[in-house]
There are 4 protein chains.
Amino acid sequence: MIEDTYVSTKDMPWLEFGAGIDFKILRTSQETGAWTVLFRCAKGAAFNPHRHLGGGEYLVLKGRMEVRGGAEKGGITATTGDYGYEPNGVLHDETFFPEPTELYFTNFGAIQFLTPELEPDFVLDFAMLEELGRSAKRQAA
Amino acid sequence: MIEDTYVSTKDMPWLEFGAGIDFKILRTSQETGAWTVLFRCAKGAAFNPHRHLGGGEYLVLKGRMEVRGGAEKGGITATTGDYGYEPNGVLHDETFFPEPTELYFTNFGAIQFLTPELEPDFVLDFAMLEELGRSAKRQAA
Amino acid sequence: MIEDTYVSTKDMPWLEFGAGIDFKILRTSQETGAWTVLFRCAKGAAFNPHRHLGGGEYLVLKGRMEVRGGAEKGGITATTGDYGYEPNGVLHDETFFPEPTELYFTNFGAIQFLTPELEPDFVLDFAMLEELGRSAKRQAA
Amino acid sequence: MIEDTYVSTKDMPWLEFGAGIDFKILRTSQETGAWTVLFRCAKGAAFNPHRHLGGGEYLVLKGRMEVRGGAEKGGITATTGDYGYEPNGVLHDETFFPEPTELYFTNFGAIQFLTPELEPDFVLDFAMLEELGRSAKRQAA
């Protein structure tokens, strides 16, 4: 029987995800492939191009996130308090953070990261995330 | 093709859920039964006893939530910034809010609400939630 | 780590589901609420009215199944080799078996069974199914 | 509102998947990434090494399938009527069919196919499967 659980996210250390992005893992599931994290993104940080292999949802806790070039280029610019849904199958070029940003992200599967030339790079799934969580360097709070 | 979407939660009105609880619907899905909401709970408000017919996750945005009697009685007391996972199949008696509380909640199915005597009362699913969203009274921001 | 598993369905006993219907449980999941079964329905057997609280898929291994009154009344009549998808949220009055029928059924959640007057009767979920599996009478092969 | 649907699988043509394997697509879902198919595998056919990025379930309708080298090498040998569950995250080297085999397969996500050297090759997801379904050559019944 799986029981209900909770964690104080404030008491967890930030771990280095790379390229100015830190994270805290709140949940991973082998069975569904779902994972829930907090992301903390430095000003100017970005996620590389990627294709979603499962839907995902986010709540911007603070800051600003530009998806598909941001609202000026026909994409999305999400700021503090904004909620978004990123469906399975969607291709995102760069997701950019023009300000220090924190994001709560629940994701229902893997993400295929791509090179700048949009060639397959690596697949981020629950298992790689767990491994990252074990090996990542702790960052300053 | 389902596209990515987002909403500014601050621009959405609070709707009356009942018994001191208001909500904003961020997403519902017939296909998976999932729904994502914000809950705003007045001091002293509570969710009636219920059984989860799908897992759920929450992030406490502010306030205090006592699950299964709270930490003093062996349950959970979650406060601002805390994350929790409520698995499918779990029975919760009363979930109580001793302070004004806001909660981001992603839920993967229906919830069977029960009477105080733990008899089946009604099933809250995506369809009832959508119907509630259409008919609920707007509350003050 | 969850490993891959398999069972020989032929070596499993049929268990009594009730009202001329037997079943074999192939999988249940607390985490997702999914369950996979074989149903064997006697000629003239029927499932009571019910509302799906999760999607389901079936493959008719042999026989004939009439959903929503069957094809003559605007519903579905599925026979050997037919595949069907029953989405979350759908209300089915009676699902009737005019011939001895075997069905492979994968279901992604609970089912709310209703009385003949369409009042809530009971919720069949993974936990009740597991309990049924433990207590049900073995039937002749 | 998604309605219930069904198809007569016998009236659908077999499409060429490649390397002695044909398929019929029964369902694909962008939202969940799930897809349900029939596979028909010639004697001696095999699926290349792959890693599951979502769980899957199968029912062997006829024939014989050897997973992870088959039962003789510590893997699984599934024959007519056998049911199996392949969890998310599992790595399968070659899945081999020593006899003509038919398989009903429900899969909850993408599959990362690998080269014989276990390097990433391509990701098979609902979208590629749909594209395959549109372009694949019809095979003899």
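**A tour of the sheet and the chain interfaces**

Begin with chain A, where an open sheet of 4 strands runs in the order S11-S6-S14-S15 with antiparallel pairing. Its edge strands are S11 (91–92) and S15 (120–124) of chain A, each of which pairs on one side only. The model on display is predicted.

Next, select residues 110–114 of chain A, which form strand S14. S14 and S15(A) pair in the antiparallel sense over 4 bridges. Within this pairing, display A:Ile111 together with A:Leu124, its bridge partner in S15(A). Strands of a sheet pair through backbone hydrogen bonds, either parallel or antiparallel.

Now show chains A and B together. A turn of 180 degrees, with a shift of 0.0 Å along the axis, lays chain A on chain B with an RMSD of 0.0 Å. That is the relation of a two-fold axis.

Select the contact between these two chains: 27 residues of chain A are in contact with 27 residues of chain B. On the side of chain A, S10(A) gives the most, with 5 residues. By class, this side has 13 nonpolar, 7 polar and 7 charged residues. Of the interface residues of chain A, 100% are also interface residues in chain B, so the copies meet through the same surface.

Then select S1(A) and strand S10 (residues 82–86) of chain B, which pair in the antiparallel sense over 4 bridges. Here A:Val7 stands opposite B:Tyr83 in S10(B).

Finally, turn to chains B and D, whose contact takes 6 residues from chain B and 6 residues from chain D. The side of chain B that touches chain D has 2 nonpolar, 3 polar and 1 charged residues.

How values were computed. Residues are numbered from 1 along each chain as its sequence is written. Chains are lettered from A and ligands numbered from 1 in the order in which they are written. This is a predicted model: local features need pLDDT of at least 70, side-chain atom pairs count only at pLDDT 80 or more; totals for chains, interfaces and linings use all residues. Two strands pair if DSSP finds at least two bridges between them. Helices (H or I, at least four residues) and strands (E, at least two) are DSSP runs, numbered from the N terminus. Copies are superposed by least squares on the C-alpha atoms of residues with pLDDT of at least 70 in both. Two residues are in contact if their C-beta atoms, placed from the backbone, lie within 7 Å. Ala, Val, Leu, Ile, Met, Phe, Trp, Tyr, Cys and Pro count as nonpolar, Asp, Glu, Lys and Arg as charged, and the others, Gly among them, as polar.
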